[in-house]
Amino acid sequence: MTSRQAGRGISTIAAQRRKTGGKRGGARQAVRRRNEALRPQERRRLLQLVACSGIFVLLVAAKLLLPAKMAQFNERLSGALRQNMDVKAVFSAVGRAITGEDNAGGAMEDVYQAVFHPEKGETMETAALEELPLDESAALDDLREYRMKSLTADQQTAEGEADAKTEQTEVSTLAYVLYSDKNLPEDVSLEQAILGFDYCTPVCGTLTSNFGYREHPVEGEERFHYGVDLAADTGTAISCFADGTVTAVGESSSYGRYCIVTHEGGYSTLYAHCSRVTASSGTAVKEGQKIAEVGESGMATGPHLHFELHRDGTYLNPIYYVSAV
Amino acid sequence: MSPRSERSVRVSGGFCLLVLWFAVVNGWELLAVVLGAAAIHELGHYLVLRSLGAGIKGLRLSVFGAVLETDSTRMSYLGELAAVLAGPAANLLCVLLLAPMGGRWTVFLGANLVLCMFNLLPVRPLDGGKALGLLVSWAAGPAAGEWAVRWIGASAASALAAGICYVMWRSGGSLWLLPAAGGLLAAAGLECSGKTAFL
């Protein structure tokens, strides 16, 4: 600050003091009168200010003192906030229930889906995550037991035939555990169903990942892949698999932008990782009609369509119905 | 009374923010649908109030929704009941009229029905709570009406809030209903503490 500026500062302060000094008593009275007139409103404003600054100070203190906890909390909160409520889907579900296009139970379920998004993608993946290690560990236990038993059996080959017989039955049950489809997640069926309606391949692309167990490209662990991946350039039109109604349009951290189309006979198809979904929820769509564009939203390593086929909540292998390059 | 204060529309900043946020998240189309349903609702109230000759002071739009400020001192219980129920009834009428059309009206139908049902919840700032109070007051006197609406409102609001929280917790997801649960709890608290000046 230069001395000239400082001088002006002092002089203006002095001038103000001189101005107020003249009628000090009157000014104070006026202030008090205004105070009395505005008291409730002023008190409210003050309370609001105190509350806001309190929250601010508290949050800053929490962030400074417990950075790790805060970051964790932040992540959870933003995860929860990212799950948007599909208001339009709620309205259209209720509307369909009135017009008789849908029964009340189905509408209730749609509303629940739209409001809470029990995130098809997320629950499925967590379900697979929770189930798999269990199954694997059970299978491993069996294997370990089998190895132990065979070791002891090797050592005690001299012992009676009766033991060997029980050993054989052990082995056969173990074979059943390891090679049956018991290791499939519960909601997966490997059958090739006859759909009973016309259908087409949604995207003409390269098959980059098949239906079944695979090493997850991002998380790196073995997981069940509930659909097929068709790689194509971003912006490639995704055509609808068959005639139906768009029942969900949404966004999730794993699926990215996705939409679900319900077809007749309890079938529905899911199109995930889209760059954008052009069809809106509740509209009727025709086979081959453009409903979305290929992208890499959500958990994806490149532009592709993740395509799933469901029948009454069971996952079917879509490979029987799509032709890949 | 000056004509300016006769019919004033007050729009709070919170309402503008809410509308803007809704438009950004859900699109202008859906915003128009919701505002349309709300307009039908208020129109229902307005028409019945006008036909009963009640004074309408103005319309207040806030974060909590649209409220018609009325001068209901000279109205009978049944008249006021009719005015209160007219909003949800207008929505319901709209639903019944448009139901055969189906098709692209389904979203609008749904919005109307949701608004109607929501407003009929027996919790006080909502039409359902007011209607309940008026009905009981008419049948058994104002003290009984106040008592009934207080306890029914408080218990219904707490039960609903608990239900919402439970479902939110179970589904482990969307927090969008948290404001609704908070509002219901606040309404229940106000009913229990006997502060109904906010109505």
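This is a conversation about reading helix packing, cores and backbone angles in a predicted two-chain model.

Biologist: Let's start with the overall make-up. How many helices and strands are there in chain A, and how many in chain B?

Modeller: Do keep in mind that we are reading a predicted model. Chain A has eight helices and 13 strands, while chain B has eight helices and three strands. Going along chain B from the N terminus, the elements come in the order α-β-α-α-β-β-α-α-α-α-α.

Biologist: What share of each chain counts as buried?

Modeller: In chain A, 28% of the 325 residues count as buried. For chain B the figure is 30% of 199 residues.

Biologist: And how much of the contact pattern comes from residues far along the sequence, 24 or more positions apart?

Modeller: Take the contacts with a separation of 6 or more in chain A: 65% of them are between residues 24 or more positions apart. In chain B, among contacts between residues at least 6 apart, 62% join residues at least 24 apart.

Biologist: Now helix packing. How do I read the crossing of H4(B) and H5(B)?

Modeller: Look at the approach of the axes and then at the angle. Helix H4 of chain B (residues 77-98) and helix H5 of chain B (residues 106-119) have axes that come within 9 Å and cross at roughly 150°. Angles over 145 degrees count as roughly antiparallel, so H4(B) is roughly antiparallel to H5(B). Their crossing is left-handed. On the H4(B) side the contact includes Gly87(B), Pro88(B) and Leu92(B), and on the H5(B) side it includes Phe108(B), Leu109(B) and Cys116(B). By class, this contact has ten nonpolar, four polar and no charged residues.

Biologist: Which way does H5(B) lie relative to H5(A), parallel or perpendicular?

Modeller: The axes of H5(A), residues 87-99 of chain A, and H5(B) come within 6 Å and cross at roughly 95°. The two helices are therefore roughly perpendicular to each other. Among the residues that meet are Val90(A), Phe91(A) and Val94(A) in H5(A), with Leu109(B), Gly110(B) and Ala111(B) in H5(B). Here the classes are ten nonpolar, five polar and two charged residues.

Biologist: Why would I go looking for a nonpolar core at all?

Modeller: Because nonpolar side chains tend to be buried together in soluble globular proteins. In this model the largest nonpolar core has 77 residues. Those with the most contacts inside it are Val90(A), Val94(A), Cys259(A), Tyr271(A), Ile291(A) and Ala111(B). Tyr271(A) is a nice one to click on: leaving aside neighbours within four places in sequence, its contacts include Pro202(A), Ile238(A), Cys259(A), Ile291(A) and Phe307(A). A second, separate core has ten residues, including Ala156(B), Ala157(B), Ala188(B) and Leu190(B).

Biologist: Last topic, backbone angles. Which residue in strand E8 of chain A has a positive phi without being a glycine?

Modeller: That is His273(A), with phi near 65°, in strand E8 (residues 267-274) of chain A. Burial is read by counting C-beta neighbours, and 20 or more within 10 Å make a residue buried. His273(A) has 25 inside 10 Å, so it counts as buried.

Biologist: Is Asp312(A), then, buried or exposed?

Modeller: Asp312(A) is exposed, because 9 other C-beta atoms lie within 10 Å. Asp312(A) is not a glycine and has a positive phi of about 50°. You will find Asp312(A) in the loop between strands E12 (304-311) and E13 (314-316) of chain A.

Methods: Residues are numbered from 1 along each chain as its sequence is written. Chains are lettered from A and ligands numbered from 1 in the order in which they are written. This is a predicted model: local features need pLDDT of at least 70, side-chain atom pairs count only at pLDDT 80 or more; totals for chains, interfaces and linings use all residues. Axes are lines fitted to C-alpha atoms, for helices over the stretch in contact, and angles run from 0 to 180 degrees between N-to-C directions. Helices (H or I, at least four residues) and strands (E, at least two) are DSSP runs, numbered from the N terminus. Angles under 35 degrees count as roughly parallel, over 145 as roughly antiparallel, 65 to 115 as roughly perpendicular and the rest as oblique. A crossing is left-handed if the near helix is turned anticlockwise from the far one by less than a right angle, and right-handed if clockwise. Two residues are in contact if their C-beta atoms, placed from the backbone, lie within 7 Å. Ala, Val, Leu, Ile, Met, Phe, Trp, Tyr, Cys and Pro count as nonpolar, Asp, Glu, Lys and Arg as charged, and the others, Gly among them, as polar. A nonpolar core is a set of buried Ala, Val, Leu, Ile, Met, Phe, Trp, Tyr and Cys residues joined through C-beta atoms within 7 Å. A residue is buried if 20 or more other C-beta atoms lie within 10 Å of its own, exposed if 12 or fewer, and partly exposed in between; C-beta atoms are placed from the backbone.
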